[in-house]
Amino acid sequence: MKKAVYPGSFDPITYGHIDIAKRALKVFDKLIIMITVNPNKTNALFSAEERIEMVRESMKECMDRIEITTCEVLTVTKTLELGSHHIVRGLRAVTDFEYEFQMTHANRVLAKKVDSIFFMTDNEYSFLSSNTVKEIAQFKGELKTFVPACVEEKLRQKFN
Ligand code: ADP
């Protein structure tokens with residue numbers, strides 16, 4: 001069984017993340033969505049538990065092939081622990097490339113066996129990030145084209 005890990009902050013999950021996860025599921029039998037919890041990043045809006053819940057609800061029609069976990073160690077360390085050699089990442093625009101290029105090479109030095117696989121998002125989501133969504137929510141803007149209803153609801157609660 002081919003399984004891959006999809007790491008990210010998912011703070012919160014957006015239609016951009018979902019688009020990448022669905023593309024990955026066409027290639028891999030199983031996808032482990034790994035919510036990275038960085039103790040140095042204290043600016044997360046949602047707790048790990050809230051992020052897990054939103055991922056579970058947003059991806060509910062694919063949950064038979066998805067696992068959700070958190071990660072507080074190096075991504076490659078946890079990827080190997082989970083018995084996978086593949087990391088899935090999404091590319092929006094060239095601006096993502098430089099960061100991903102550095103991360104992939106660093107990961108390769110750390111764990112030769114682990115490779116990264118990139119999927120390009122649908123054009124529709126190429127501008128979309130969790131930060132954009134949080135800013136829109138903060139100013140009470142329209143969210144339904146960016147996030148599923150369950151995420152929209154959580155964002156409304158946070159900013160009310
Ligand atoms: P990180 O903090 O690791 O960048 P994110 O949750 O922001 O975590 O993103 C996780 C992964 O999903 C990254 O590879 C990112 O490029 C990708 N991603 C996020 N939003 C989109 C989007 N709109 N389209 C495609 N990929 C995306």
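Where does Phe10 lie? That is a handy place to start with this predicted model, and the notes below work outwards from there.

1. **The loop ahead of helix 1.** Phe10 sits in the loop that runs between strand 1 and helix 1. Its phi is positive, about 50°, even though the residue is not a glycine. Phe10 also counts as buried, because its relative accessible area is 1%, against a cut-off of under 20%. Pro12 belongs to the loop between strand 1 and helix 1 as well, and the peptide bond leading into Pro12 from Asp11 is cis, with omega near 5°. I'd look at this stretch with the backbone displayed.

2. **Helix 1, from its cap onwards.** At the N-terminal end, Thr14 acts as the cap of helix 1, with a side-chain oxygen 3.0 Å from the backbone nitrogen of Gly16. The helix is mostly covered, with 8 of its 11 residues buried. Among them are Gly16, His17, Ile18 and Asp19, and further along Ala24 and Leu25 are buried too.

3. **The nonpolar core.** The largest nonpolar core has 32 residues, and those touching the most other members are Ile13, Leu31, Val55, Met59, Ile66, Val88 and Leu155. Strand 1 (3-8), strand 2 (30-36) and strand 3 (66-71) each bring at least two residues to this core, and so do helix 1 (15-25), helix 2 (48-58), helix 5 (130-138) and helix 6 (149-158). Helix 1 gives the largest share, 5 residues. As background, nonpolar side chains in soluble globular proteins tend to be buried together.

4. **Val88 as a way into the core.** Which residues does Val88 touch, leaving aside those up to four places away in sequence? Its contacts include Ala4, Val5, Tyr6 and Pro7. Ile20, Ala24, Phe28 and Leu31 are also touched by Val88, and Ile117 and Phe119 complete the list. Of these partners, Leu31 is itself one of the core residues that touch the most other members.

5. **Polar contacts with the ligand.** Three are worth checking by eye. The side chain of His17 places an N or O atom 3.0 Å from an oxygen atom of the ligand. Leu128 uses its backbone instead: an N or O atom there lies 2.8 Å from a ligand nitrogen. Thr121 has a polar side-chain atom 3.4 Å from a nitrogen atom of the ligand. The protein covers 88% of the ligand's accessible area, which is 540 Å² for the ligand on its own.

6. **The shell around the ligand.** Two or more shell residues come from each of strand 1, helix 1, strand 4 (86-91) and helix 4 (94-110). The shell holds 16 residues, of which Tyr6, Ser9, Gly90, Tyr125 and Leu128 come nearest to the ligand. By class, the count is 6 nonpolar, 6 polar and 4 charged.

7. **Asp96, a buried acid.** Asp96 belongs to helix 4. It counts as buried because its relative accessibility is 13%, and the cut-off is under 20%. Beyond residues up to four places away in sequence, Asp96 touches Gly90 and Leu91.

8. **A second positive phi.** Lys140 also has a positive phi, near 60°, and is a residue other than glycine. Lys140 is found in the loop between helix 5 and helix 6. Is Lys140 buried or exposed? Lys140 is exposed, because its relative accessible area is 52% and the threshold is over 50%. Phe10, by contrast, is buried at 1%.

Notes:
Residues are numbered from 1 along each chain as its sequence is written. This is a predicted model: local features need pLDDT of at least 70, side-chain atom pairs count only at pLDDT 80 or more; totals for chains, interfaces and linings use all residues. Side-chain values use heavy atoms; hydrogens and water are left out. A nonpolar core is a set of buried Ala, Val, Leu, Ile, Met, Phe, Trp, Tyr and Cys residues joined through side-chain atoms within 4.5 Å. Buried means under 20% relative accessible area, exposed over 50%, partly exposed in between (1.4 Å probe, protein chains only). Helices (H or I, at least four residues) and strands (E, at least two) are DSSP runs, numbered from the N terminus. Contact means heavy atoms within 4.5 Å. A residue is near a molecule or strand if one of its heavy atoms lies within 4 Å of it. A polar contact is a pair of N or O atoms within 3.5 Å; within protein, one must be able to donate a hydrogen and the other to accept it, and residues adjacent in sequence count only if both atoms are side-chain atoms. Accessible areas come from the Shrake-Rupley method with a 1.4 Å probe; for residues, only the protein chains shown count as cover. Ala, Val, Leu, Ile, Met, Phe, Trp, Tyr, Cys and Pro count as nonpolar, Asp, Glu, Lys and Arg as charged, and the others, Gly among them, as polar.
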